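Here's a quick briefing to read alongside the model. Have the viewer open and click along as you go.

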Amino acid sequence: MLDDVKTLLGIEDDDLDEKLNIMIKTAGARVLSLLEAEEVPEELEYIVCELTVSRFNRLGNEGMSTFSQDGESMTYGNDLEPYMDAIDAWNAVNGAKGVVRFL
């Protein structure tokens, strides 16, 4: 996944690998917290990749909801929201089915 993130960001050297790996780990944990799974399934790994790119692009602007500079304006919202349909659909098909207990 590190190679995919670096390609998307246009990073060719290895100077940021440690920072990017931390961001990948954190993004994966965020996605996993919404899944009924032990690990992020392969079909949802794209979410981790895209969240990592989004987080990297936000470096230096943590805690801000909007950012403007030289005529450019960015608004930051819930970066998981665009992926919630995919996460909910995965949980509906693959998530825990419930437990039946007889007393």
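What follows is a short tour, from the overall layout down to a couple of single residues.

This is a predicted model, so keep that in mind throughout. The protein has 4 helices and 2 strands, and from the N terminus they come in the order α-α-α-β-β-α.

**Overall picture**

- Of the 103 residues in the protein, 33% are buried.
- The exposed surface comes to about 7,400 Å², and carbon and sulfur atoms supply 50% of that.
- Take the contacts with a separation of 6 or more: 57% of them link residues 24 or more positions apart.

**The nonpolar core**

- The largest nonpolar core holds 22 residues.
- Which residues have the most contacts inside this core? They are Val5, Leu9, Leu20, Val31, Ile47 and Leu51.
- At least two core residues come from each of helix 1 (2–9), helix 2 (17–32), helix 3 (45–57) and helix 4 (84–94).
- Helix 3 is the top contributor to this core, with 6 residues.
- Val5 is a good one to click on: leaving aside neighbours within four places in sequence, Val5 is in contact with Leu20, Ile24, Cys49, Thr52 and Val53.

**Helix 1: two faces**

- Leu2, Val5, Lys6 and Leu9 are the buried residues of helix 1.
- Why do they end up on the same side of helix 1? Because they cover an arc of only 95° around the axis.
- The general rule behind such patterns is that an α-helix has 3.6 residues a turn, so residues three or four places apart point the same way.
- Flip to the other side of helix 1 and you'll find Asp3, Thr7 and Leu8 exposed.
- The buried residues of helix 1 pack against helix 2 and helix 3.
- Right after helix 1 comes Gly10, with a positive phi near 70°.

**Helix 3: the partner of three helices**

- Helix 3 buries Ile47, Val48, Cys49, Leu51, Thr52, Val53 and Phe56.
- Those buried residues pack against helix 1, helix 2 and helix 4.
- The length of helix 3 checks out too: at 1.5 Å a residue, its 13 residues should span 18 Å, and the end C-alpha atoms are 19 Å apart, which agrees.

**Asp17: buried or exposed?**

- Asp17 sits in helix 2.
- Its relative accessibility is 17%, and since buried means under 20%, Asp17 counts as buried.
- The side chain of Asp17 makes a polar contact with the side chain of Lys6, at 2.9 Å. Lys6, remember, is one of the buried residues of helix 1.
- Not counting residues up to four places away in sequence, Asp17 touches Leu2 and Lys6.

**Leu80: a loop residue to look at**

- Where is Leu80? You'll find Leu80 in the loop between strand 2 (72–75) and helix 4.
- Leu80 is buried, with a relative accessible area of 8%.
- Leaving out residues up to four places away in sequence, Leu80 touches Arg30, Val31, Leu34 and Leu51. Two of these, Val31 and Leu51, are among the residues with the most contacts inside the largest nonpolar core.
- Leu80 and Arg30 are 50 residues apart along the chain, yet their C-alpha atoms are separated by 8.7 Å.

Definitions and conventions:
Residues are numbered from 1 along each chain as its sequence is written. This is a predicted model: local features need pLDDT of at least 70, side-chain atom pairs count only at pLDDT 80 or more; totals for chains, interfaces and linings use all residues. Side-chain values use heavy atoms; hydrogens and water are left out. A nonpolar core is a set of buried Ala, Val, Leu, Ile, Met, Phe, Trp, Tyr and Cys residues joined through side-chain atoms within 4.5 Å. Buried means under 20% relative accessible area, exposed over 50%, partly exposed in between (1.4 Å probe, protein chains only). Contact means heavy atoms within 4.5 Å. The arc is that of the directions from the helix axis to the C-beta atoms. The expected span of a helix is 1.5 Å times one less than its number of residues. A polar contact is a pair of N or O atoms within 3.5 Å; within protein, one must be able to donate a hydrogen and the other to accept it, and residues adjacent in sequence count only if both atoms are side-chain atoms. Accessible areas come from the Shrake-Rupley method with a 1.4 Å probe; for residues, only the protein chains shown count as cover.
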